[in-house]
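The exercises below are to be worked with the sequence and the coordinates at hand. Each task is followed by a solution that goes step by step.

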Amino acid sequence: ETKKRYLLQKVLYKLMNVTIVDYKSGNISSVINSFKEVAKDKVNIEVSSDLDKIKSCDKVILPGQGSFKNCVDALQKINGLSDTLNEFAIIKKKPVLGICVGLQMFADIGYEETKTNGLGWISGNVSKIDNQNGKYKLPHIGWNQIEIVKNSKIFKDIENKSHMYFVHSYEFIPDDKTVISATTDYSSNIVCSIEKENIYGTQFHPEKSDKLGLKVIDNFLQL
């Protein structure tokens, strides 16, 4: 019976298609490599901005490097992409993981470079970290401890106060604090991950956070 269940699980797992959205916003090779390393042959990982591929897949990864404005602009340049992502996340409620600026784009508005509208999935804004008049260096780069503040599925088997890797100068400030799943202390309590129904996001880079980062990726793939 257990063997039968295992084989069935394996078949179901194998059929899962995950798309990493490549909208030409910087180098995402480490994201791709990490997901492929975790997925091995159990999950089919595609890298694409093809609307049909995104529509038909089971989960989406939205990476983001560079400024909020550049990422939003690059996303909008691909005709129909933001509508397709909206349908995927908001209407069909399939799992989405935003990484770094990918998470920030969930917000209504970002203030990097100039005021720019985000995807508006989670109300809030993206503002520059208050570095207390230069007391804290920006960008915030390196390993920092995370404080897990709610039981999030992507933190399964990850201990509180684990260290993750960050590179950012802006922070996502959601209106509804219940979506926050972890914070990190850098000049103030910065939101470093969120979970709202099917929408997940990390400000840290799981693909650069060693074994624990790979565990976050694995947890998302196993949702």
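**Exercise 1.** In this predicted model, determine how many residues lie between β11 and β12 in their hairpin, and which turn residue has a positive phi.

*Solution.* Begin with the strands themselves: β11 covers residues 180–186 and β12 covers residues 188–196, and the two pair in the antiparallel sense over 6 bridges. Next, fix the register by one pair, in which T183 stands opposite V191 in β12. Finally, turn to the connection, where the hairpin has 1 residue between its strands, and S187 in the turn adopts a positive phi of about 70°.

**Exercise 2.** Follow β12 onward to β13 and state which residue takes a positive phi in the hairpin of these two strands.

*Solution.* The pairing of β12 with β13 (residues 199–202) is antiparallel and runs over 4 bridges. Within this pairing, K196 stands opposite I199 in β13. The hairpin has 2 residues between the strands, and E197 is the residue with a positive phi, near 55°.

**Exercise 3.** Give the strand order of the open sheet that contains β5 and β7, and explain why one side of β6 and of β10 is left without a neighbour in the sheet.

*Solution.* The sheet is open and consists of 4 strands in the order β6-β5-β7-β10, with mixed pairing. Since β6 (116–117) and β10 (170–174) stand at the edges and each has a single partner strand, one side of each is left without a neighbour in the sheet. Inside this order, β5 (residues 109–110) and β7 (residues 124–128) run parallel and are joined by 2 bridges, with G110 standing opposite V126 in β7.

**Exercise 4.** Describe the crossing of α2 and α7, first by its geometry and then by the residues that meet there.

*Solution.* The axes of α2 (residues 29–39) and α7 come within 10 Å and cross at roughly 65°, and the crossing is right-handed. On the α2 side the contact is made by S34, F35, E37, V38 and A39, which meet L214, I217, D218 and L221 in α7. Sorted by character, the residues of this contact of α2 with α7 divide into 6 nonpolar, 1 polar and 2 charged.

**Exercise 5.** Find which residues are linked with D157 in a network of salt bridges, and where the partners D157 and K215 lie in the chain.

*Solution.* The network links K156, D157, K215 and D218. One of its pairs is K156 with D157, whose side chains meet at 3.6 Å from N to O, and both of these residues are exposed. Another pair is D157 with K215, at 4.0 Å from N to O. This second pair links distant parts of the chain, with D157 in the loop between β8 and β9 and K215 in helix α7 (residues 210–221), 58 residues apart. As to accessibility, D157 counts as exposed at 62%, whereas K215 is partly exposed with a relative accessible area of 22%.

**Exercise 6.** State how many salt bridges a search of the whole structure finds, and examine what the pair E147 and K161 ties together.

*Solution.* The search of the whole structure finds 9 salt bridges. Among them is the one between E147 and K161, whose closest N and O atoms are 2.4 Å apart. Because E147 lies in strand β8 (residues 140–148) and K161 in the loop between β8 and β9 (163–168), the pair ties together parts that are 14 residues apart in sequence. The last step is accessibility: E147 is partly exposed at 31% relative accessibility, and K161 is partly exposed with a relative accessible area of 40%.

Key:
Residues numbered from 1 in each chain as written. Predicted model: local features only at pLDDT ≥ 70, side-chain atom pairs only at ≥ 80, totals over all residues. Heavy atoms only, no water. Buried < 20%, exposed > 50% of the residue type's maximum accessible area, 1.4 Å probe, protein only. Pairing = 2+ DSSP bridges. Axes fitted to C-alpha atoms, helices over the stretch in contact; angles between N-to-C directions. Left-handed = near helix turned anticlockwise from the far one by under 90°. Contact = heavy atoms within 4.5 Å. Nonpolar A, V, L, I, M, F, W, Y, C, P; charged D, E, K, R; others polar.
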